[in-house]
Every structure is written in structure tokens, then in C-alpha cells.
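Trainee: I would be grateful for a close look at a single part of this model, set in the context of the whole chain. Please take me through the reasoning as well as the values.

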Amino acid sequence: MTEVATRKRDVLKLAESQPPLVDTFGRTISYLRLSVTDRCDLRCTYCMPERMTFLPKREVLSLEELYDLATGFIARGVTKIRITGGEPLVRRDIVDLFIALGRHLDGGGLNELTLTTNATQLSGHAEALFKAGVRRVNISLDTLERARFEQLTRRDALPQVLEGIAAAKEAGLSVKLNAVALKGVNEDELPELIAWAHGEGHDVTLIEVMPLGDVEEERLDQYLPLSDVRARLEQRWTLTDSDHHTGGPARYVRVEETGGRLGFITPHTNNFCDGCNRLRVTATGQLFPCLGGGERVDLRAALRSNDPQGQLAAALDKTMQIKPERHHFSMNERGAPPHLPRHMSMTGG
Ligand code: SAM
Ligand code: SF4
């Protein structure tokens with residue numbers, strides 16, 4: 001990997017000469033979600049089909065390229081990077097990327113390095129991630145029932161996941177659990193899941209299912225509006241609106257009875273694009289300025305050109321011109337093709 005100390009100096013120097021990333025709606029981009037693989041060891045029914053076609057490995061950026069790409073963003077004012085996937089921890093030697101990027105946390109332009117994971121492999125990585133500078137981790141968990149977990153992810157891996165969550169806590173990582181609310185699948189269990197997480201000291205965020213990519217099930221059958229979930233939770237608990245913000249799409253409440261924080265990500269029932277501060281890059285270096293839009297910029301071509309830094313800067317300038325004002329997810333018609341053909345596992349959510 002590029003000599004990190006040298007790269008750190010270069011990045012700081014570049015940052016002085018390059019403008020920050022501001023789109024045509026005046027939103028400053030400070031957050032990159034970087035997918036390091038589209039592969040996964042689970043097959044969540046809302047995310048991908050059992051027989052998923054993965055990208056040929058040769059198309060995927062090397063760890064060195066991912067590092068160079070990330071530092072190109074840091075040079076343009078990105079201060080937070082989330083590593084995602086597919087499942088980021090199935091990528092071989094991925095901890096090396098965390099270690100290299102972690103060095104930028106120490107006065108090198110980065111304020112936060114984090115990841116989203118399904119936690120199947122977390123018990124073996126939690127300590128190394130903490131050592132690399134990771135302090136918070138988002139873990140996806142939709143159910144605490146083993147048979148239901150197997151049905152939902154098509155893999156019998158709940159014990160491993162719970163081990164991973166415990167290991168994260170033990171290593172000193174603060175954990176936020178993300179659960180997709182699914183009609184008729186985990187809706188009856190959401191209060192127990194929240195109570196358990198809050199008891200363990202973890203925040204929880206509920207997410208509405210989004211129409212990305214073909215999956216085997218009908219999307220409309222999966223979709224559960226969080227307005228309904230919230231109304232039901234309010235019959236049981238007191239939810240007090242909180243002004244906690246992470247710069248992301250979640251709106252938070254405090255559950256008075258558990259003392260824990262609960263977030264709602266509601267792309268359908270409530271648009272969240274006004275304060276969008278993020279960009280997403282796939283493992284092949286395709287930049288998507290909007291999770292719900294088809295706009296795309298090829299950063300791999302820039303990275304592999306004769307002038308990677310110049311081309312990357314130009315590609316980012318172009319991105320600022322085309323980042324749309326908002327997404328237009330729609331899921332109104334039964335049997336309709338997905339709103340976008342790409343799966344969430346390409347952009348990492
Ligand atoms: N494999 C990792 C994980 O599951 O945490 C990281 C990638 S995964 C694509 C990121 C997040 O996207 C997970 O929280 C998952 O539940 C969510 N997700 C996947 N497909 C989704 C969909 N169609 N709608 C809403 N959320 C989705
Ligand atoms: Fe894998 Fe995450 Fe998609 Fe589930 S949501 S199949 S864990 S990438």
C-alpha cells in the first residue's frame with residue numbers, strides 16, 4: 001500500500017489547494033461510504049437473491065486503489081468514511097485498509113472511520129478494528145430468533161452474529177443496530193429487539209425497505225411503513241423526539257422506559273435529502289451521488305489514468321454538478337420492476 005506517512009503529507013498539502021465538495025444545492029459533502037466488495041456470506045431476502053451474480057474479481061479495486069481513492073476524498077474535505085459492502089469483513093486483508101486509513105485520524109484530515117457489517121466475522125476482527133481507530137460500528141440485525149434469522153438471511157448464522165456483537169462491545173466499540181422493518185416477518189418482534197439492544201447499551205435504527213435490485217420476493221409484500229411501527233411502539237412506550245443528529249437520514253427519539261435511543265429511516269414516508277452530506281462508491285470505483293438515483297461517475301478510470309489525482313479531482317467536480325436534489329423512490333405497483341436495477345449490496349446502503 002502507498003507509503004502512508006508520505007500519502008498523509010500529500011493529502012494535507014492537496015487539501016490546502018483544492019476546494020471542498022459543495023453541490024449545486026449548497027450541500028457540503030463530508031461523508032464517504034466506500035464499498036470494498038459486493039460479496040456477502042448472507043443472502044438477506046430484501047437485499048439479494050440466493051443466486052446472486054457477483055462482480056468478476058478483476059473488476060474490483062485493489063486495497064491500494066481503495067486507499068488512494070479514499071485519500072482523494074479526504075483531500076477534498078471528506079472527514080468521515082464508512083467501509084461497507086456486501087459484507088466488508090469477508091474481503092481478505094481488509095483490516096490493512098482500516099489500519100492505513102486509521103492513520104489519517106490522527107491529524108490527517110479524517111475525524112471518523114467506521115463500518116457497517118452483518119457481524120458474522122466481527123468476533124475475529126473487533127479488536128483489530130478498535131486498534132486501527134474505529135470507535136463505532138453499525139451492525140445489521142433484523143431478528144433475535146434463530147429460525148427466523150435463517151429464513152430471513154438464508155443462513156443459520158445468528159449465534160456467530162451475537163458473538164460478533166458481544167466481541168465489539170468487549171473491544172470498546174460502540175454499537176448501533178440497524179433493523180429493516182419487514183411486513184409479516186419481524187414486525188411482531190421489533191419491541192423485543194429494541195428492548196434487548198437498549199438493555200445491552202446499543203442504539204437501534206429501524207429502516208424502511210427500499211426498492212433496489214431484483215430479489216425473489218415482491219417488494220410491496222416486504223414494505224412496512226415506519227409510521228405504523230412508531231404508532232404501535234407509542235402504545236407501549238413513551239417516545240420523546242430527540243435533537244440527536246448524525247448528519248444522516250435518521251430521525252431519533254428517546255425511549256423513556258428503556259433509556260435508549262431509537263432512529264427511524266423513512267425514505268418513503270418522509271423525505272430526508274435536504275441535509276444529504278454523502279457520496280457512495282462501489283467496490284469497482286463507480287461513484288453514485290444518490291442512493292436512489294441512476295447518476296454515476298467512473299472513478300476507476302480516473303484512478304487508472306496517467307494523472308490519477310487530477311482526473312479524480314475533475315471527476316469529483318463533475319459529481320458536484322450532477323448530485324440530484326432528492327431521491328424519487330417509488331414502490332406503488334405490484335410486480336413492477338425495481339426502482340433501480342442495482343442491489344443495495346453494490347453501494348452498501
Ligand atoms: N453487509 C453489511 C450489513 O448487512 O450490515 C453491509 C452492507 S448492507 C447492504 C447495508 C445495510 O443495507 C444493511 O443494514 C441492510 O439491512 C440494508 N439493506 C439492504 N438491502 C436493503 C433494502 N432493499 N432496503 C433497505 N435496506 C436494505
Ligand atoms: Fe449481505 Fe448485508 Fe445484503 Fe444482508 S444486507 S445480504 S448481510 S450485504
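Mentor: A residue is called buried when its relative accessible area is under 20%, and exposed when that area is over 50%. With that cut-off in hand, we may turn to glutamine 286 in this predicted model. Its relative accessible area is 9%, so glutamine 286 counts as buried.

As for its setting, glutamine 286 belongs to strand E11, which comprises residues 286–288. Once neighbours within four places in sequence are set aside, the residues in contact with glutamine 286 are Arg280, Val281, Arg296, Val297 and Asp298. Two of these contacts can be described at the level of side chains. The side chain of glutamine 286 forms a polar contact of 3.4 Å with the side chain of arginine 296. A further polar contact, at 3.0 Å, links the side chain of glutamine 286 to that of aspartate 298.

The chain around this residue may be described next. It contains 12 helices and 12 strands. The radius of gyration is 20 Å, close to the 20 Å that the globule rule gives for 349 residues, and the chain is therefore as compact as a globular protein of that length. Along the principal axes, the C-alpha atoms occupy a box of roughly 60 × 45 × 40 Å. Glutamine 286 is buried, and buried residues make up 56% of the 349 residues in the chain. Of the contacts with a separation of 6 or more, 74% are between residues 24 or more positions apart. The accessible surface of the chain amounts to about 14900 Å², and carbon and sulfur atoms account for 47% of it.

The site of ligand 1 completes the account. Its surroundings comprise 18 residues, of which Tyr46, Gly86, Thr117, Ser140 and Met210 come nearest. Sorted by class, this shell holds six nonpolar, nine polar and three charged residues. Strand E3 (112–117) and strand E5 (174–181) each contribute at least two residues to the shell. Three polar distances may be cited in detail. In the side chain of tyrosine 46, an N or O atom is 3.1 Å from an oxygen atom of ligand 1. For threonine 117, a backbone N or O atom lies 3.2 Å from an oxygen atom of the ligand. For methionine 210, a polar backbone atom is 2.8 Å from a nitrogen atom of ligand 1. On its own, ligand 1 has 550 Å² of accessible area, and the protein covers 95% of that area.

Definitions and conventions:
Residues are numbered from 1 along each chain as its sequence is written. Chains are lettered from A and ligands numbered from 1 in the order in which they are written. This is a predicted model: local features need pLDDT of at least 70, side-chain atom pairs count only at pLDDT 80 or more; totals for chains, interfaces and linings use all residues. Side-chain values use heavy atoms; hydrogens and water are left out. A residue is near a molecule or strand if one of its heavy atoms lies within 4 Å of it. A polar contact is a pair of N or O atoms within 3.5 Å; within protein, one must be able to donate a hydrogen and the other to accept it, and residues adjacent in sequence count only if both atoms are side-chain atoms. Accessible areas come from the Shrake-Rupley method with a 1.4 Å probe; for residues, only the protein chains shown count as cover. Helices (H or I, at least four residues) and strands (E, at least two) are DSSP runs, numbered from the N terminus. Ala, Val, Leu, Ile, Met, Phe, Trp, Tyr, Cys and Pro count as nonpolar, Asp, Glu, Lys and Arg as charged, and the others, Gly among them, as polar. Buried means under 20% relative accessible area, exposed over 50%, partly exposed in between (1.4 Å probe, protein chains only). Contact means heavy atoms within 4.5 Å. The radius of gyration is taken over C-alpha atoms; the globule rule is 2.2 Å times the number of residues to the power 0.38.
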